[in-house]
Amino acid sequence: MDARYYANLMIHFMNDGTVFLLPAVLPLIILEYGLTFGAAGLLSSIIPFCLGVLQTPIGGVSDRFPNTLMLRLGILIVSIGSLTAALFPSLLIPSLFLIGIGGSIYHPVGYAYTSKIVRNSGTGTALGIQSSSGDMGILAALLTAGPLIAAGGWRSTFLLWGALCFASFLLSSLIFRRSDAPSEPLPEYKSETKSQPPSEAPSSPVPPSAAKGSTLYLLLKRESILIMVLFASLGAVQRLINTYLPTVLFFEGIDITIADSITAVLVGAGIIGGILGGNLVDRYGAKKMTLAFFLSSSILMAGAFFVRQTLPTVILVSIMGVALWGIYPALYLLMREATSVSIVGTSYGLLLSLGMLSGIASISLGGLLMENSPYLIFMLGASIAAFGTVLSTKLRMS
């Protein structure tokens, strides 16, 4: 690993901490503006909508433009959006769109960049660590939200994270200054390119029409489509729980700081799950771990519907975080194997767009269900995870 990889992790930390900050303060926004749960669901869908619509085209662009330039541009836009939310309260909705637009850049570009500079048998671990770096940002956002709210209201959270994003833009610009040329594998892995089979060796430029046809063929393969649907299912469950857990707990009588802390437990467990999932993928295979984690998630969420005491909920939420976040490195690796490293930005962008668009649907439906009972989001999540479990059995086991 070198400075480029760690700079990528830093941007992921700042990006996700800001992009997924809204759920931590959503209960207070509901009270301040007198929103229904349904309206809160629509507000919460703005950023996922941007991520869902933009990540696929941005992934395609990332295969043709310097990834380091795009990473810096994304975090700068996120910074501007967050500072706008803090300093101009009447522009909350436009600022959320700015955060969503800037946040759409990181994930397809950041994961593609890692896949280009890290190529060896430990790629699953590298992707797992990268996935968890974003979750660490979300964890930090949740843990700092309570004290910041107490000190200066919910807008102070956006002020701090906007400033941190701008600082990461400046620091990453220094680190990437010499890295805007086409990405090369990290030094310790360069020797592997010598043993690549002829089919993977660099070839003469392919006509654009042929390249598009090849990309479409790879994305429409049976395995690729299954992975897309699985990622959409995972995105629906993860966004549903991550968005509404603080609100469910708050309106069940738990203080906002404690509610955010319990949600931080979910994300903290997810950090462990991302790293553990990456290691287990390298050991047992991505397809087996996908099935195991989807099944575990379904059972745990069904259990959370029936448990209303705080301590058992925290325990279930902890294990749930490990299971849900542990799926991500498996699906990233499966998609790379099902397609090609040459279109990794496009394929990852498509996955992430599908995950966010399905998240919009689950958030909207969850908001309506919460009008009857907030805990119904757990049953909705359990049902989607059960569908993912069944679909995982259709993957071809290697």
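Okay, let's start at R222, which is partly exposed, with a relative accessible area of 43%. Before I go on, keep in mind that this is a predicted model. R222 shares a salt bridge with E223, 3.6 Å from N to O. And E223, unlike its partner, is buried: the relative accessible area there is 6%, under the 20% cut-off.

Now, what else does E223 pair with in a salt bridge? That would be K287, and the closest N and O atoms are 3.1 Å apart. This one reaches across the chain: K287 sits in helix 12, residues 286-306, and E223 in helix 10, residues 222-250, so the pair ties together parts that are 64 residues apart in sequence. K287 is at 12% relative accessibility, so K287 counts as buried too. Put those together and you have R222, E223 and K287 linked in a network of salt bridges.

Searching the whole structure gives 3 salt bridges, and there's one I haven't shown you yet. That's E32 with R155, at 2.7 Å, N to O. E32 is in helix 2, residues 22-33, and R155 is in helix 8, residues 155-175, so here the parts tied together are 123 residues apart in sequence. Both ends are partly exposed: E32 at 42% relative accessibility, and R155 with a relative accessible area of 22%.

Okay, on to the rings. The same kind of whole-structure search turns up 12 aromatic pairs. Take Y5 and Y6, an edge-to-face pair with 5.6 Å centre to centre and 70° between the planes. Y5 is buried at 2% relative accessibility, while Y6 is partly exposed at 48%. Then F305 and F306, also edge-to-face, with 5.0 Å between centres and 85° between planes. Buried or exposed, for F305? Buried, at 18% relative accessibility, because the cut-off for that is under 20%. F306 is exposed, with a relative accessible area of 63%. There's a cluster as well: ring pairs link F37, F250 and F251.

Last thing, helix packing. Have a look at helix 5, residues 67-87, against helix 6, residues 92-117: the axes are 7 Å apart and the packing angle is about 155°. Anything over 145 degrees counts as roughly antiparallel, and therefore that's what we call helix 5 and helix 6. The crossing of helix 5 past helix 6 is left-handed. And what are the residues of that contact like? They divide into 15 nonpolar, 10 polar and 1 charged.

That's my tour, thanks.

How values were computed
Residues numbered from 1 in each chain as written. Predicted model: local features only at pLDDT ≥ 70, side-chain atom pairs only at ≥ 80, totals over all residues. Heavy atoms only, no water. Axes fitted to C-alpha atoms, helices over the stretch in contact; angles between N-to-C directions. Helix = DSSP H or I, 4+ residues; strand = E, 2+ residues; numbered from the N terminus. Parallel < 35°, antiparallel > 145°, perpendicular 65-115°, else oblique. Left-handed = near helix turned anticlockwise from the far one by under 90°. Nonpolar A, V, L, I, M, F, W, Y, C, P; charged D, E, K, R; others polar. Phe/Tyr/Trp six-rings, centres within 6.5 Å; stacked < 30°, edge-to-face > 60°. Buried < 20%, exposed > 50% of the residue type's maximum accessible area, 1.4 Å probe, protein only. Salt bridge = Lys/Arg side-chain N within 4 Å of Asp/Glu carboxyl O.
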